[in-house]
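Welcome, and thanks for taking a look at this one with us. Have the sequence and the 3D view open side by side, and we will walk through some charged pairs and then one helix.

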Amino acid sequence: MTPAPSIVVIGGGPRGTGVIERIAANAVELYGDRPLDLHVVDPHPAGGGRIWRPDQSPLLWMNSMAEDVTMFADETVELAGPVVAGPALDAWAEDVRAGRITPDADPAVLAEIHGLAGADFPTRRLQSAYLRWTYERALAALPPGITVHEHRTTALAVTGPRGGRQRVRLQDRPEPLLADLVVLTVGHLDAEQDPEQQGLADFARRHALVHLPPDFTADSDLDALRPGEPVIVRGFGLAFVDLMVLLTEGRGGRHENGEYLPSGREPVLYVGSRRGVPYHAKIGYPWTGERPPLPQHLGPTWTEELLSGTGPLDFRRDIWPAVAKELGHAHYHRLFTAHPERTALAHEVFAEKYAAADPGSPELAGLIAEAVPDPADRLDLDALDRPLDGVRHDSPEAFQEALRAHVTADLARRHDPEHSEDLAVFLGLLSAYAQLIRLGDIGSWWHGFFSYLASGPPGPRLHQLLALSRAGVVRFLGADLTVETDEEQGLFRARSATVPGARTEARALVEARLPDPSLRHTASPLLRALRDGGAAITDDGLLAVDPADGRVLDDEGRPHPRRLALGPFTTARTGGAFTRPRTGGPAFRQNDAAARAALTFLRDLSCRGLLAS
């Protein structure tokens with residue numbers, strides 16, 4: 001008897017769930033009522049996967065408001081397949097409260113759902129319930145011929161010839177899963193320590209110190225950090241925010257009326273980074289009025305022209321000037337349409353001259369200076385990216401005051417609609433990200449810049465940071481942070497260019513950032529096997545995939561007919577597997593393209609009777 005075609009989705013988190021939702025949406029058109037075995041492999045519950053698993057501290061929040069989170073495409077997404085409407089997180093919570101949806105969640109999460117408003121920042125365990133419901137809804141929408149098999153385990157390797165069935169080796173079973181097609185949606189994975197981290201770990205072992213390498217904060221062994229002792233923290237993004245919360249409120253401290261009341265169990269966190277400042281706060285007001293037309297300077301035509309050129313692309317030379325002009329277009333469109341009293345030219349005149357000027361040219365700079373009298377109203381991306389460049393303070397105490405003032409000003413601006421040009425730049429960033437994905441691997445700087453401006457912490461978290469700073473539980477080190485080891489004294493030592501001559505010594509060092517997604521240092525046996533089996537790896541260590549549908553490329557640039565990959569470890573990585581509604585989420589477009597490619601391939605195999613035993 002000819003076996004049913006089979007597809008194995010490795011990774012049951014948001015990206016894998018999104019692919020399955022798109023398989024369900026496209027199956028009737030592309031696959032009909034044929035039989036199909038769909039295998040989902042993940043050691044964690046499908047829907048949320050590891051990062052969004054339900055058993056997390058209720059202190060850990062999302063960095064998006066409930067109304068800004070959806071797992072469903074809408075008409076703003078470029079899809080070949082059908083749009084299947086679904087609720088954003090806040091609408092889903094309302095359906096739960098009205099009894100239209102009954103999620104499988106424990107009483108504490110149900111209580112959170114019943115108290116959730118659209119402008120609230122939900123807990124991650126609440127998001128886990130939403131993702132699980134999305135997964136279950138996708139399964140229910142699959143045609144009757146598709147049978148789902150869940151495997152709560154880890155995939156170790158994918159082997160097999162290009163022209164035949166693939167074999168997916170699992171951790172806890174002797175026989176592999178046979179697959180006509182495999183989709184890798186494994187998300188963020190652990191990494192082996194690179195030479196620098198290995199050297200720090202060896203030093204820590206020799207001197208009985210604490211070294212926590214890059215990791216998911218919820219999985220780090222924070223018990224090793226002792227109360228009252230100094231801890232050098234390298235990294236000032238979202239991983240630091242999680243660390244800060246778990247080591248303060250998570251140890252019994254309380255925030256009351258803008259003050260932090262310590263429990264006495266907190267360590268003292270000395271934090272610095274390359275920029276030396278935290279990520280910008282999430283914008284705290286809604287959009288009103290006319291939206292900037294996007295994309296304007298980074299549309300598909302621009303992308304195709306770049307891709308049709310010869311030679312490798314250089315981000316700073318070939319891409320960044322157009323990105324900067326696109327973000328400027330969004331910024332000034334909003335300034336002229338919403339705050340015209342702060343401009344000195346007619347909008348039509350400015351827009352025409354802005355479009356004609358070359359990116360980064362003196363003509364463009366002169367136009368902006370003429371049209372926008374106050375320099376504070378002009379978009380300065382370099383100053384935004386490196387606010388402490390050239391800034392020096394005579395003492396650590398002076399810098400504490402200065403950085404608190406910086407964070408306070410950022411909070412005020414990000415919650416003031418009089419500066420709604422910042423929200424326009426955010427929309428420009430989302431649009432630019434969607435276009436730049438089409439270019440493949442463009443290096444890591446852009447992704448970090450995007451996260452710093454567009455994916456920062458909730459405002460309340462930065463208010464808590466200020467309170468912790470005033471209480472002396474958090475101390476700021478500054479920019480261009482370096483960490484040295486002192487063999488004689490057996491200590492870590494941190495220095496920053498922001499406070500020359502100052503140094504901080506500690507017996508603990510925490511790397512507050514996610515592991516590098518590079519396959520060169522991945523701890524995943526699955527990705528190591530792909531890397532060593534001939535898959536193409538970029539200079540940054542990312543898995544090379546066809547940007548059209550996610551097919552894995554080999555070292556000769558050929559797409560593998562039976563292997564697809566989506567996620568942060570690939571050259572088609574996006575800002576996240578879910579996004580805010582009506583922003584053309586590129587992950588949804590990728591999921592749809594991959595699902596349609598998979599269904600078409602499996603249908604053609606079935607029709608031609610080419611299924612291998």
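Which side chains meet in a salt bridge at 2.9 Å, N to O? They are those of E21 and R22. Please keep in mind that this is a predicted model. Across the whole structure, a search finds 46 salt bridges, and a few of them are picked out below.

**A pair of sequence neighbours**

- E21 has a relative accessibility of 10% and counts as buried, because the cut-off for buried is under 20%.
- Its partner R22 is buried too, with a relative accessible area of 3%.

**A salt bridge between two loops**

- D180 and R165 bring their side chains together in a salt bridge, with an N to O distance of 3.2 Å.
- This pair links distant parts of the chain, 15 residues apart: D180 lies in the loop between β6 (177-179) and β7 (181-184), while R165 lies in the loop between β4 (155-159) and β5 (166-170).
- Are the two partners buried or exposed? Both D180 and R165 are buried.

**A salt bridge between two strands**

- R234 and E511 form another salt bridge through their side chains, at 2.6 Å from N to O.
- Here, too, distant parts of the chain are linked: R234 belongs to strand β9 (residues 230-234) and E511 to strand β17 (residues 508-511), with their positions 277 residues apart in the numbering.
- R234 counts as buried at 14% relative accessibility, and E511 counts as buried at 2%.

**A shared network**

- Which residues are joined into one network by salt bridges that share partners? They are R50, R53, D55, D190 and D219.

**Helix α2 and its surroundings**

- Helix α2 spans residues 89-97, and its buried residues are L89, W92, A93, D95 and V96.
- Viewed down the axis of α2, these buried residues fall within an arc of 155°, so they line one face of the helix.
- What do the buried residues of α2 pack against? Their packing partners are α3 (107-114) and α4 (124-141).
- Just after α2 comes G99, which takes a positive phi of about 85°.

**Worth finding in the viewer**

- For the charged pairs, try E21 with R22, D180 with R165, and R234 with E511.
- For the helix, look along the axis of α2 to see the face lined by its buried residues, then turn to α3 and α4, against which those residues pack.

Terms used:
Residues are numbered from 1 along each chain as its sequence is written. This is a predicted model: local features need pLDDT of at least 70, side-chain atom pairs count only at pLDDT 80 or more; totals for chains, interfaces and linings use all residues. Side-chain values use heavy atoms; hydrogens and water are left out. A salt bridge is a side-chain nitrogen of Lys or Arg within 4 Å of a carboxyl oxygen of Asp or Glu. Buried means under 20% relative accessible area, exposed over 50%, partly exposed in between (1.4 Å probe, protein chains only). Helices (H or I, at least four residues) and strands (E, at least two) are DSSP runs, numbered from the N terminus. The arc is that of the directions from the helix axis to the C-beta atoms. Contact means heavy atoms within 4.5 Å.
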